[in-house]
Amino acid sequence: MEVVIVEDAAAGGALVAEAVARLLARRPDALIGVATGSTPIPVYAALGAMARRGQADLSRARIAQLDEYAGLPPGHPESYRSVLARQVLEPLGIPADSFLGPDGNADDPVAACAAYERALAAAGGVDLQLLGIGTDGHIGFNEPCSSLSSRTRLKTLTERTRADNARFFGGDPGRVPRHVLTQGIGTILEARHLVLLATGEAKAEAVAATVEGPLTARCPSSALQLHPHATVVADEAAASRLELAAYFRSTFAAKPHWQGI
């Protein structure tokens, strides 16, 4: 995989936003897989700024959701559908009918997961999937020891993940839903380009395991090693545990700018 080390979160957001804009210039109706949490916010902010300057056209872009909490009431402000409406759809002017996501309130979550798999396939597949990473190496909500060939399914969150996400629920882990619907690792790996963005020292161990560690279900994000076009963008703090950091810096510095990431 390609590893790009950037100065800070803002630089990472700008770099990933440029990659999305380049894709949309080639394919205006590209299906962009988006993630939630605090890490990708600089990406969405940079895309919005590019659109306002006329440097990115998102008018025909389509958006696909990576995961969703199970059982939150419709319209709950921390449902990922609501979060993405606030952070992506509304600021970037993307209509709701250009959005694909699993139904976290379905009476039959197994059927809802299967329906989302069919919807992604019918849409032609994800062109670029933006990923964050958990402190334990999870991507989407594929917790450690998830099958590397898993599909969209119902998952139970670890207590560590619930604690990490408590900041969105008033600091109380008990208010974080216990179950989620998530694209599986096998589903994620079908996207044409995977871009994992990691910022902050808390993600350093997970980034090192993803990039330099063994391929193992114990670190779900290590599955990116299997992908033909996977890019890890890490700020200085998140890259601080990489033993091959000097090599990654030199290879990116020598890369022609027109290639992008």
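**Entry 1: the cavity**

I started inside the protein, where helix α2 gives the most to the lining of the largest cavity, with three residues. I am working on a predicted model, in which local features need pLDDT of at least 70 and side-chain atom pairs count only at pLDDT 80 or more, while totals for chains, interfaces and linings use all residues. My residue numbers run from 1 along each chain as its sequence is written, and side-chain values use heavy atoms, with hydrogens and water left out.

A few terms before I go on. On a 1 Å grid over the protein atoms alone, a cavity is a set of points where a 1.4 Å probe fits but cannot get out; a pocket is an open set with protein on both sides within 12 Å along at least five of seven lines, and lining residues have an atom within 4 Å of a point. Grid points are joined across faces, edges and corners, and a volume is the space filled by probe spheres set on the points. Helices (H or I, at least four residues) and strands (E, at least two) are DSSP runs, numbered from the N terminus.

How many cavities of 30 Å³ or more does a search of the whole structure find? I found one. The largest cavity holds about 90 Å³ of space. It is lined by 14 residues, and V20, I32, V34, Y44 and L47 are the closest to its centre. I noted α1, β2 (31-34), α2 (41-52), α3 (80-92) and β6 (128-131) as the elements that give two or more residues to this lining.

I then sorted the lining by residue class (Ala, Val, Leu, Ile, Met, Phe, Trp, Tyr, Cys and Pro are nonpolar; Asp, Glu, Lys and Arg are charged; the others, Gly among them, are polar). The lining of the largest cavity came out as 14 nonpolar, no polar and no charged.

**Entry 2: the pockets**

Next I looked at the open spaces. The largest pocket has a volume of about 420 Å³. I see 23 residues lining it, with T36, I133, H138, N165 and K203 nearest its centre. Helix α5 (residues 159-165) gives the most to this lining, with three residues. By class, the lining of the largest pocket holds eight nonpolar, 11 polar and four charged residues.

The second largest pocket has about 180 Å³ of space. Among the residues that line it I wrote down R22, R26, D127, R192, H193 and H229. Helix α1 (residues 9-26) has the largest share of this lining, four residues. The split here is four nonpolar, four polar and four charged.

**Entry 3: the strands**

I traced an open sheet of seven strands in the order β1-β10-β9-β6-β2-β3-β5, with parallel pairing. β1 (2-6) and β5 (99-100) stand at the edges with a single partner strand each, so one side of each is left without a neighbour in the sheet. Strands pair if DSSP finds at least two bridges between them. β2 and β6 run parallel and are joined by two bridges; G33 has Q129 in β6 as its bridge partner.

I also checked β7 (residues 153-156), which pairs with β8 (residues 179-182) in the antiparallel sense over four bridges. R153 stands opposite T182 in β8. Which side chains of β7 are buried (under 20% relative accessible area; exposed is over 50%, partly exposed in between; 1.4 Å probe, protein chains only)? R153 and K155 point to one face and are buried, while L154 and T156 point to the other and are not.

**Entry 4: helix α3 and the rings**

S82 has its place in helix α3, and at 17% relative accessibility S82 counts as buried. Leaving out residues up to four places away in sequence, S82 touches G75, H76 and P77 (contact means heavy atoms within 4.5 Å).

For aromatic pairs I used rings of Phe, Tyr and Trp (its six-membered ring) with centres within 6.5 Å; planes under 30 degrees apart are stacked, over 60 edge-to-face and the rest tilted. I counted five pairs by this rule. The rings of Y69 and Y80 have centres 4.7 Å apart and planes at 40 degrees, so this pair is tilted. Y69 sits in strand β4 (residues 67-69) and Y80 in helix α3, 11 residues apart.

Y80 and F141 have ring centres 6.0 Å apart and planes at 5 degrees, so they are stacked. F141 lies in the loop between β6 and β7, so its pair with Y80 of helix α3 ties together parts that are 61 residues apart in sequence. Y80 is buried at 8% relative accessibility, and F141 is buried at 3%. My last note is that ring pairs link Y69, Y80, F141 and F169 into a cluster.
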